[in-house]
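Work through the exercises below with the sequence and the 3D view at hand. Each task is followed by a solution in steps.

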Amino acid sequence: MPHPPSWRPPGKIGRFALAHASQCGASLLFIIACLAVLAALGAALASFDDSAGRSQLQHAPCAAAYYLALSGLNYAVAIGAANLRDIQAAGGATLNMGQGTVALEVLGEDENGGILVEATGTVDPGGPRHAARTLIGTVPGGPATISFENDLADFTPPVTSQAGVIATDVASSQAVLGNGVQDTYGALWYRGDRLWCTDGKCLFGTGLRAFFRFSFASSGEDAGDGFTFAVVNATDNDTSRSGGHPDMGELLGYAGPGDTADGLGLRPPKFAVEFDTYANTGANDPDRVGSRADGDGGDHAAVVFWGRQADSGECAWGRTRYQCVQDDNRHSRPGVEDVGQTTAGDMPRNSQNVSTGADYYARSRDAAWLRRGTHAVRLEVDRAGKPDASGNYAYAIRVWIDCADCDDVLTAFTGASPTLSRDFSLKTSLHAKMERVLFGWTEASGDAVQRVTLSDFELVFLE
């Protein structure tokens, strides 16, 4: 990485400075060289500050500095958003162009997702022909964030088993899950369009970073069953699907058949972070109400994946029969939920490599901790672009709960150790299905009801 330029006060942004104006003439050959650099870099810039540029071209001595700055902006387009993030982290970069330099600084991101870049071309630095010119340009296609503040309207309508279960309020930039209705489930998906998203199906790239806050309206035992923040493959799913079962709130709208015609609900591969506020102490049977066994009970958070994938089983509830995929948000904790560990072929599949405990979190002697106060959640996912030695693709999930100063999704969070973490791998066929993903929240209630307010949501996909 070239060394960063010297710091300059903000007052110079968008202007240009001249030194030794009477002696800053540039040769025609140097101007031609600058034009050659411009042509070689290619890629037209979407927008830049050209008003001062037209005036500058009237002064031949400084034309070379102008073209150097313009070349710098086109260079920014050519290297793309990911490299610009590296330059931003380094505090800037300086490119040596022979008889001149180009200093690049990344100023941030505009409301449309473009990356603002400042390029300063300098002719003959420190010499008798010294001249400088600064231009500001917008590099298109940067990893703009998706947020409730700007995009909440793109999350509607929700998918629910009953009207009024999930609501959004654009004026307050908030969403509400549950709305105090019994025996229901639903999902709130992003449905919008971006350069990298079509109808909510977004390019996963090399991962994502997300942040949101949530609070339960009640801290009592009647607050349940909880919710998930889910990322599911967009090859086999779309925004019309959800999981869930009206008699099984423990599925949290993430597992189970939902209202889908094929009875498969949200099809794998997929993963979610669940926030579970209702202690299920059932028979540990995935085909029956109370399918979850939550040990000593109490609120907990966990990373969950998917369950039966062979489609060889069939579940029944009353007159309804469907393929068994509902056990995919159970936990593999020895002595509590011994799924995928002690019994050959037991499910869910994501637990067959045995959980180490880092993907499950509860607070001893504080059974209602999720139901009290407002909680900040930070999620980061890394997704490998190339296979490992065994031909699989590595994924890493990190989750922080109640973190401080963790809302900046444009930079990696290093302020604390993750509350939850999980590394896993997908074979090529499953990895390919995650090329595009849906993201959003799922929730469910049983006899217990809930009202969960979501706010301050922001997410960015990484290139």
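**Exercise 1. Confidence**

Over which residues does pLDDT stay under 50, and how many contacts beyond four places in sequence does the model have for them?

Solution. This is a predicted model, in which local features need pLDDT of at least 70 and side-chain atom pairs count only at pLDDT 80 or more, while totals for chains, interfaces and linings use all residues. Residues are numbered from 1 along each chain as its sequence is written, and side-chain values use heavy atoms, with hydrogens and water left out.

Step 1. pLDDT is the predictor's confidence in each residue, from 0 to 100. It stays under 50 over residues 1-58.

Step 2. A contact means heavy atoms within 4.5 Å. For residues 1-58 the model has 120 contacts beyond four places in sequence.

Step 3. Residues 339-355 also have pLDDT below 50, with 39 contacts beyond near neighbours in sequence.

Step 4. The mean pLDDT of the protein is 77, and 69% of its residues reach 70 or more.

**Exercise 2. The nonpolar core**

Find which residues touch the most other members of the largest nonpolar core.

Solution. Step 1. A nonpolar core is a set of buried Ala, Val, Leu, Ile, Met, Phe, Trp, Tyr and Cys residues joined through side-chain atoms within 4.5 Å. Buried means under 20% relative accessible area, exposed over 50%, and partly exposed in between (1.4 Å probe, protein chains only).

Step 2. The largest core has 53 residues, and Phe 439 and Trp 441 touch the most other members.

Step 3. Leaving out residues up to four places away in sequence, the residues touched by Phe 439 include Ile 146, Trp 189, Cys 202 and Phe 457.

Step 4. Another core, of 27 residues, lies apart from this one; Tyr 67 and Val 106 are among its members.

**Exercise 3. Aromatic pairs**

Describe the pair formed by Phe 214 and Phe 275, and say which strands hold the two residues.

Solution. Step 1. Rings of Phe, Tyr and Trp (its six-membered ring) pair if their centres lie within 6.5 Å; planes under 30 degrees apart count as stacked, over 60 as edge-to-face and the rest as tilted. The structure holds 30 aromatic pairs.

Step 2. Phe 214 and Phe 275 are 5.1 Å apart centre to centre, with 50 degrees between the planes, a tilted pair.

Step 3. Strands (E, at least two residues) are DSSP runs, numbered from the N terminus. Phe 214 lies in strand β13 (residues 207-216) and Phe 275 in strand β15 (residues 270-276), so the pair ties together parts 61 residues apart in sequence.

Step 4. Phe 214 is buried because its relative accessibility is 1%; Phe 275, at 0%, is also buried.

Terms used. Helices (H or I, at least four residues) and strands (E, at least two) are DSSP runs, numbered from the N terminus.
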